Amino acid sequence: MKNKNISDIFEEISDILSVSDKPTSRFEVRAYKRAALTIGTLQEDVSDIYRRGGINALMELPGIGKGLATEIEEYIKTGKISKYEELKKEYPIDFNDLLNIEGIGPKTAILLYKKLNITNLESLKKALEGHKIKDLPGFGVKSEQVIADGIRMHESNKGRILLSDGLNEAEKIISILSKSGKVEKVVISGSTRRMRETLGDLDILAISNYPEDVMNIFSNMEDVNGIVVKGPTKTTVSLNIATTCDLRVIEPHSFGAALQYFTGSKDHNIKVRKIAIEKGYKLNEYGLFDKSGKIISESDEKEIYNKLGMQYIPPEMREDRGEIELALKNQIPNLVDISDIKGDLHTHTKETDGINTIEEMAAYAIKKSYQYIATTNHTKSLKVAHGLTDEQFENYFNKVDILNDKLKGKLKILKGAEVDILKDGTLDLKDSTLDTMDCVVGAVHTNTNMDENAMTSRVLKAINTGYINILAHPTGRLINERDPYQIDLIKIAEACNNTKTALEINASPSRLDLNDTNILSTSKLNPLYSVDTDAHSTINMDFMKYGIGTARRGWLTKESVIDTFDLNKLLKFLKKEKKLTN
Ligand code: DGT
Ligand code: CA
Ligand code: CA
């Protein structure tokens, strides 16, 4: 798939243009950023789109004009984009490497290159070791520390890819194998099936009468860049997305046992096997057997759990965090499911840093059979996202009113904002503007290095204004990139309960914030949660599945997720009895 390469190149062009000495318009910087987002989140391979409809088909993608489409064409044909090659001559910096480090933006990267000739992670580490960075203008001991922490964070997760990247790839592989006509059945197992936020590798299981053909097809896929081991029952390949994939061909009769075993987690399996042993059985990837070796169960995963005296356990719960004890008592919760979701309460449009119009967002939501979406653009303090002023919100909402009339109830667009929670805990809009909104999402974006007391008080103050309906990405972490803020989530959850505020489970794949363990710890207080996507484009609304996976890993039922409410019940929740201050 060329999408990721092209998206990375556009992202890099945008980064370089944003800080280069060349005369560049802000428009161009944004255009490349948007294009990177569009191409990076496409479900279909961009070369397929091009093959089907040429440059015109590319130009139908949001944010792709003639110029960008021509550059995409150039890449598809030659594997290069000449504009990018020229910029790289001037700045031979490995941006992919460096910009993943918290504390380094494009400006810093270019400064580090000009002053210290730093071009990649390795030379950056050397400069840190020699304490050369702290003496640069505008830097100090603290910035050196931030960068060092960023590198530590980046490296501690090395090798684990994001769930979204792995799941997309696994689905693609499954589709290739299914279409080959050589498999009877092919499914995902391992951490991908458990919807872990990061994956060490992909694990795929298949049933086939032609194992050798299947292994050949698998190891010759376009996305494969090397073969680790190849045999008729197990083949491991290394993939372009920086991970490996195991494919196992298993006997049809032991499919259930294999699926149970290879779904894991390892800790879960160890405990389940212990229970089997206590019953005088033996459990392995081939089946559940009694002492004499007679098969008790093998082909059906659910039956294996049942024969062990347990309820079936959804894969997302299989982490040995108490789920086995619940299953033995018949108390596995009925987990929230993607089909329960009736809307998306955190979305952006072109007015700020999104790439689609509200009309396009609404049309996509209708296609998803949603009842409602909240349009929640950034507010003025967030300059990088071109946040809106009070007046601009007023104008924008006039437009939304007109659209709502036109939609005639097919979809309700809730007027909202992702309002910045400022350093002192006040909100970035006037009360009179907030009063006009149906759904206010509150979020911390700046001054994130506070200690736990200060950060907790700041967010509590914001929640206690009574204006916030949803606390967005409550810990601010970015997977593999940025640590969470220091914040007391238990105190926050308590305040949320007292003020009818929902805690967000942000479904954007690099956030997944709250994460599974945050949900498990806060859910003891029984707050409500909102699973929403923070979509910056129509197709970003498809991120919902990652958020639902996370909610399920946190054992949530639909009763505690407000996006499962129908419109009337949701409106009742969003309406605050009284604003608490003023
Ligand atoms: P990952 O790849 O690190 O994200 O995590 P998993 O869970 O996908 O781990 P992986 O790929 O090493 O193995 C897939 C599953 O196979 C794992 O979840 C459970 C099972 N498994 C692997 N090794 C062992 C083992 O030594 N003992 C047991 N009981 N199960 C194992
Ligand atoms: Ca795995
Ligand atoms: Ca594996």
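1. A residue is called buried when its relative accessible area is under 20%. In this predicted model, P509 has a relative accessible area of 10%, and it therefore counts as buried. P509 sits in the loop that runs between strand 16 (502–506) and helix 22 (516–522).

2. Once the neighbours within four places in sequence are left aside, the residues in contact with P509 are L162, S164, I479, F543 and Y546. As for Y372, which is 137 residues away from P509 along the chain, the C-alpha atoms of the two residues are separated by 22 Å.

3. A second point concerns metal binding. The calcium ion (ligand 3) is coordinated at 2.2 to 2.8 Å by D201 (OD), which is listed twice, together with D203 (OD) and D246 (OD), and along the chain these donors follow the spacing D-x1-D-x42-D. The pair D203, in strand 4 (residues 202–207), and D246, in strand 7 (residues 243–249), links distant parts of the chain, as the two are 43 residues apart. Both D203 and D246 are buried.

4. D201 also deserves a look, since this residue bridges the calcium ion (ligand 3) and the calcium ion (ligand 2), and the two ions lie 3.7 Å apart.

5. The last point is a helix pair. Helix 17 (residues 358–367) packs against helix 18 (residues 390–407) at an angle of about 35°, with the axes 11 Å apart, and the crossing is right-handed. On the side of helix 17 the residues I358, E359, A362 and I366 take part, and they meet Y396, K399, L403 and L407 in helix 18. Sorted by class, this contact has six nonpolar and two charged residues, with no polar ones.

Note on methods
Residues are numbered from 1 along each chain as its sequence is written. Chains are lettered from A and ligands numbered from 1 in the order in which they are written. This is a predicted model: local features need pLDDT of at least 70, side-chain atom pairs count only at pLDDT 80 or more; totals for chains, interfaces and linings use all residues. Side-chain values use heavy atoms; hydrogens and water are left out. Axes are lines fitted to C-alpha atoms, for helices over the stretch in contact, and angles run from 0 to 180 degrees between N-to-C directions. Helices (H or I, at least four residues) and strands (E, at least two) are DSSP runs, numbered from the N terminus. A crossing is left-handed if the near helix is turned anticlockwise from the far one by less than a right angle, and right-handed if clockwise. Contact means heavy atoms within 4.5 Å. Ala, Val, Leu, Ile, Met, Phe, Trp, Tyr, Cys and Pro count as nonpolar, Asp, Glu, Lys and Arg as charged, and the others, Gly among them, as polar. Buried means under 20% relative accessible area, exposed over 50%, partly exposed in between (1.4 Å probe, protein chains only). Donors are N, O and S atoms within 2.8 Å of the metal (3.2 Å for Na, K and Ca); water is not among the atoms, so sites may look incomplete.
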